[in-house]
Amino acid sequence: MTAADSHPVASAAPQATPVVTGLLPIFFSTLRKDLRLEWRSKDAINSMLFFALLVVVIFSFAFNPTAEESRRIAGGLIWVAFLFAAVVALNQTWARELRNQVLDAYRVAPAPANSLFLAKAFGNFIFVGVLEALMTPLFMVFYNLRSIGPAYQLAIVAAAATWALVVNGTFFATISLHTRSREVMLPLILFPISIPALLAMVEATTFILTGEGSPRFWIVLLAVYDVVFTTISLLLFETVLRAE
């Protein structure tokens, strides 16, 4: 006879139900929730599209460049437009979580904080990626763009550059939650930090479009920037999230 059989009270004690709090389950559930809410409301996508389209139209009237000149200035115009438009989505990263004390529930939940950060960052990455996919053909039409260098490198630059924008934007949006004017504070923090990445993405895009040099150095710089700031964000996010 075992010890549990000799003590009916002990054998009848309820077993604890394991709680799923792993990184991947929380990541996918949060990401699905954000994508589903954005699909229903389309707040971020519509705002970003309107802003980026406005920039394209205004610049097209302000400049009347030749095809060669367009390839030289297009990198700056494209990424500045995407940077400013992305701020619209980044400012809404935590807007839904502030309602009904959802953010407070995240703070006290036993789930790993980094899963929440990665889900928010990947959600913003998808939103900005959709914007870029929709706006790039318009840039090509308005500015008569054609890549002389390897076109596939543009996809690499776009992925690395977009992640550079959203990983910092998601992290600093968390910091700006603790300020009164978070919509104004986020650009003030994000833009200076993004200058090295912005320089790298503009130079890499220009080299690819003009074919006048190799963008390898700038792509490597973007990759290093992504790794460094992703690591820093993951290390500090839980502290920033739980700060009062």
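This briefing walks through the empty spaces in the structure and two places where its helices pack together. Keep in mind that the model is predicted. It has two cavities of 30 Å³ or more, plus a largest pocket of about 320 Å³. On the helix side, we'll look at how α11 meets α10 and how α11 meets α7.

**The largest cavity**

- Let's start with the largest cavity, which has a volume of about 100 Å³.
- Its lining is made up of D34, E38, A44, A89, Q92, T93, R96, K120, G123, N124 and F127.
- Two elements give two or more residues to this lining, namely α3 (23-41) and α7 (113-143).
- Which helix gives the most to the lining of the largest cavity? That's α7, with four residues.
- Sorted by class, the lining of the largest cavity holds three nonpolar, four polar and four charged residues.

**The second largest cavity**

- The second largest cavity encloses about 50 Å³ of space.
- If you want to find it in the structure, look for L90, N91, T93, W94, A95, L98, A173, S176, L177, R182 and L186, which line it.
- At least two lining residues come from each of α5 (67-91), α8 (152-176) and α9 (182-193).
- The class split for the second largest cavity is seven nonpolar, three polar and one charged.
- T93 is worth spotting: this residue is listed in the lining of the largest cavity and also in the lining of the second largest cavity.

**The largest pocket**

- Now for the largest pocket, with its volume of about 320 Å³.
- There are 17 residues in its lining, and I78, T136, L154, T205 and L209 are the closest to the pocket's centre.
- Four helices, α5, α7, α8 and α10, each bring at least two residues to the lining of the largest pocket.
- Here α7 again tops the list, giving the most with five residues.
- What classes do the lining residues of the largest pocket fall into? They divide into 12 nonpolar, three polar and two charged.

**How α10 and α11 pack**

- A quick tip before the numbers: two packed helices are described by the angle between their axes and the distance between the axes.
- Helix α10 covers residues 195-210 and helix α11 covers residues 216-241; they pack at an angle of about 150°, and their axes are 8 Å apart.
- Why do α10 and α11 count as roughly antiparallel? Angles over 145 degrees count as roughly antiparallel, and the angle here is about 150°, so α10 and α11 fit that description.
- The crossing of these two helices, α10 and α11, is left-handed.
- From α10, the residues in the contact are P196, A197, L199, A200, M201, E203, A204 and F207, and they meet W218, I219, L221, L222 and Y225 of α11.
- By class, this contact of α10 with α11 has 12 nonpolar residues, no polar ones and one charged.

**How α7 and α11 pack**

- Helix α11 also packs with α7, this time at an angle of about 110° and with the axes 9 Å apart.
- That angle makes α7 roughly perpendicular to α11.
- On the α7 side you'll find A113, N114, L116, F117 and L118, which meet S233, L234, F237, E238 and L241 on the α11 side.
- The contact of α7 with α11 includes seven nonpolar, two polar and one charged residues.

Terms used
Residues numbered from 1 in each chain as written. Predicted model: local features only at pLDDT ≥ 70, side-chain atom pairs only at ≥ 80, totals over all residues. Heavy atoms only, no water. 1 Å grid on protein atoms, 1.4 Å probe; cavity = no way out; pocket = protein on both sides within 12 Å on 5 of 7 lines; lining within 4 Å. Points joined across faces, edges and corners; volume = space filled by probe spheres on them. Nonpolar A, V, L, I, M, F, W, Y, C, P; charged D, E, K, R; others polar. Axes fitted to C-alpha atoms, helices over the stretch in contact; angles between N-to-C directions. Parallel < 35°, antiparallel > 145°, perpendicular 65-115°, else oblique. Left-handed = near helix turned anticlockwise from the far one by under 90°. Contact = heavy atoms within 4.5 Å.
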